[in-house]
Amino acid sequence: MTKQFDYIVIGSGPAAFGLTTALKEQQSTKTALIIDNDRFGGTCPNYGCEPKIFLEGAVRNVLIGQQLQGRGIQQAAKIDWAALMAAKQATFAPYPDNAQSAMTTDYVQTLQGTATFADTKTVLVNGQAYQADKIVIATGLKANHLPIQGQEYTHSSNDVLDLAELPKRVTFIGSGYVGMELATVLSAAGAQVEVIEHSPHALGAFYPDHAAIVVKQMTQRGIRFHFGQSVNAVRQMATGFTVETAEGQHYDSDYVIDSSGRVPNIDRLALDVAGVATDRHGILVDDHLQTNVAGIYAAGDVISKDPAVAPQLTPVAQFEGEYLAAGAQAPIAYPVMATGSFTFPQIAQVGMPVAQAVGNSDYRIKRLALSPDFAYAGTNDEDAELVGIFDQQNRLVGASEVSQTATDDINQLAGVIGSGQTVADWRQQQLYIFPTLASKIKYFLA
Ligand SMILES: Cc1cc2nc3c(=O)[nH]c(=O)nc-3n(C[C@H](O)[C@H](O)[C@H](O)COP(=O)(O)OP(=O)(O)OC[C@H]3O[C@@H](n4cnc5c(N)ncnc54)[C@H](O)[C@@H]3O)c2cc1C
Ligand SMILES: NC(=O)c1ccc[n+]([C@@H]2O[C@H](COP(=O)([O-])OP(=O)(O)OC[C@H]3O[C@@H](n4cnc5c(N)ncnc54)[C@H](O)[C@@H]3O)[C@@H](O)[C@H]2O)c1
């Protein structure tokens, strides 16, 4: 017999978490079924942000120590990879069970299995049919596998986050968020790292001048970058592999990571049966997150969306889940969006991109070199910089920072932009703890 729910959510990641949390907060009696065919909680706590930031926490301390050698630190700490991974596994092993029980309530059920559309109102899981008025596709993204010779020798970020032994020579294909963050980790842990990128820059989502500073410092730590090179084959050698590029170069390696991007995880849904429209970036939705089929919605990374408005990130997926639980009455309005990459140094930005404001007389651009700041001077980071964009009413409308604390600083500035206040008004309302690194924001906002 077909089982009925108010909502069926396919995928149990942050989008589903946002939806179920919001239903709980509303004390809703609406019923929901959350289905996942992998670890409950989705990418973020199992294969993404959370294990990544766990490793980054250890790595950051090593790199801070290295940066301060000769300035009072005699010997930087060293990573014991096996011990670090054992600590990571012990912390994260209970996550899927915890996530599943956190979602389950009197009204919300969870189910392990692959969901496939049987028609526009019905999905099949393990041979059983389930129906709902609202079906939400929240199946996220999966790692891209470049269609190249030797693809089977490449690994994904999932593999890196479970890597038992640290390889000697590691090669990343792609220098986006994933490649740059994991290159930071593996290099700091002691691997010899190469990054091959087919565009001229790393971290294409960020302000190029600040991305170049991240590359400069990673290069100083021994990471080798090869820009303008498109990987087109990986060949097995007597020892290890060689990575070949269309430009005729080859790079020897023990472990090759395909960090060339992420693609919609929609293959097993039978979307054609329901008639749900997609493009190569994911599922097409309107401004209420509804697909072309009435009653079928999408939320989170699986949506084909403009990354400048709604990047494929955990807080966005959660926000979209909450929006659907609230009834999706008005068109979705995304708040000010801060993003960051946990490289060393970190890079982060919020609001209008700096490159967009350069040369536009409607905006004033302010650059603040952070190293002369006495709160920051102790970090021995000469390149740290905060750049802000102010409109004609002297409101902050965008910012980018490269520094050890860029993500936290930019979070602070997201609040300033979100308030819509002039900087003069904002300065009347906040006094920051002094001398924190964030206290510079007070005189930056002038
Ligand atoms: C290495 C890495 C680091 C990251 N770091 C950050 C970060 O620092 N900050 C940040 O904001 N974001 C980060 N992200 C992105 C973040 O993880 C995603 O934006 C977020 O998880 C998206 O949530 P979602 O709910 O849309 O989908 P997901 O979390 O991807 O969940 C989708 C779930 O659906 C399941 N599924 C797929 N198909 C089916 C099916 N047919 N039936 C049943 N289940 C199915 C999948 O197995 C998966 O569990 C990172 C991602 C990666 C890979
Ligand atoms: N800190 C964070 O918030 C965080 C961290 C990790 C992932 N994410 C999310 O995951 C998404 C995916 O990140 P990603 O790094 O996998 O993808 P990405 O699209 O950001 O980067 C992929 C890179 O690979 C390069 N590339 C593609 N094909 C290549 C080839 N054949 N040879 C050489 N280079 C090639 C591209 O030019 C690009 O620079 C991000 O957009 C973000 O939404 C966020």
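Start with strands E8 and E15 (residues 255-258): they pair in the parallel sense, with 2 bridges between them. If you want a spot to look at, find His155, whose bridge partner in E15 is Ile257. Keep in mind while you look around that this is a predicted model.

That pair belongs to an open sheet of 5 strands, and the pairing in it is parallel. Reading across, the order is E8-E15-E9-E10-E11. Strand E8 (154-155) and strand E11 (224-227) sit at the edges with a single partner strand each, so one side of each has no neighbour in the sheet. As for what holds such things together, strands of a sheet pair through backbone hydrogen bonds, and they can do so parallel or antiparallel.

For the antiparallel kind, move on to another open sheet, this one made of 3 strands in the order E12-E13-E14. Which strands stand at its edges? They are strand E12 (231-236) and strand E14 (250-253); each has a single partner strand, so one side of each is left without a neighbour in the sheet. From one strand to the next, the twist averages 20°. Strand E13 (residues 241-245) is joined to E14 by 4 bridges, the two running antiparallel. Here you can pick out Glu244, which stands opposite His250 in E14.

Now step back to the chain as a whole. Its secondary structure comes to 15 helices and 24 strands. The C-alpha atoms fill a box of roughly 70 × 65 × 40 Å along the principal axes. How does that sit with the chain's length? The chain has 446 residues, and a compact globule of that length would have a radius of gyration near 22 Å; the chain has 23 Å, which agrees.

The domain assignment splits the chain into domain 1 (3-143 + 263-325), domain 2 (151-260) and domain 3 (345-444). Taken over C-alpha atoms, the centres of domain 1 and domain 3 are 31 Å apart. The UniProt record, an unreviewed entry, has its own labels: it annotates residues 5-321 as "domain: FAD/NAD(P)-binding". That stretch, residues 5-321, is 31% helix and 26% strand, with its end C-alpha atoms 17 Å apart. For residues 338-442, the unreviewed UniProt entry gives "domain: Pyridine nucleotide-disulphide oxidoreductase dimerisation". Residues 338-442 are 29% helix and 29% strand, and the end C-alpha atoms lie 19 Å apart.

Next, the ligands. Around ligand 1 there are 37 residues, and the closest are Gly11, Gly13, Gly42, Gly140 and Gly300. Several elements give two or more residues to this shell, including helix H1 (14-25), strand E2 (32-36) and helix H10 (314-325). Sorted by class, the shell around ligand 1 holds 17 nonpolar, 15 polar and 5 charged residues.

Ligand 2 is surrounded by 27 residues, the closest being Gly174, Gly176, Tyr177, Val178 and Ser260. Which element gives the most to this shell? H7 does, with 4 residues. Helix H7 (177-189), strand E10 (192-197) and strand E20 (338-341) each supply at least two residues. E10, you may recall, is one of the strands of the parallel sheet. By class, the shell around ligand 2 has 9 nonpolar, 15 polar and 3 charged residues. As for domains, domain 1 (3-143 + 263-325) and domain 2 (151-260) each contribute at least three residues to the shell around ligand 2.

Technical notes
Residues are numbered from 1 along each chain as its sequence is written. Chains are lettered from A and ligands numbered from 1 in the order in which they are written. This is a predicted model: local features need pLDDT of at least 70, side-chain atom pairs count only at pLDDT 80 or more; totals for chains, interfaces and linings use all residues. A residue is near a molecule or strand if its C-beta atom, placed from the backbone, lies within 6 Å of it. Ala, Val, Leu, Ile, Met, Phe, Trp, Tyr, Cys and Pro count as nonpolar, Asp, Glu, Lys and Arg as charged, and the others, Gly among them, as polar. Domain bounds come from an automatic or database domain assignment. Two strands pair if DSSP finds at least two bridges between them. Axes are lines fitted to C-alpha atoms, for helices over the stretch in contact, and angles run from 0 to 180 degrees between N-to-C directions. UniProt positions are given in the numbering used here, feature names are shortened, and annotations may be inferred rather than shown by experiment. The radius of gyration is taken over C-alpha atoms; the globule rule is 2.2 Å times the number of residues to the power 0.38.
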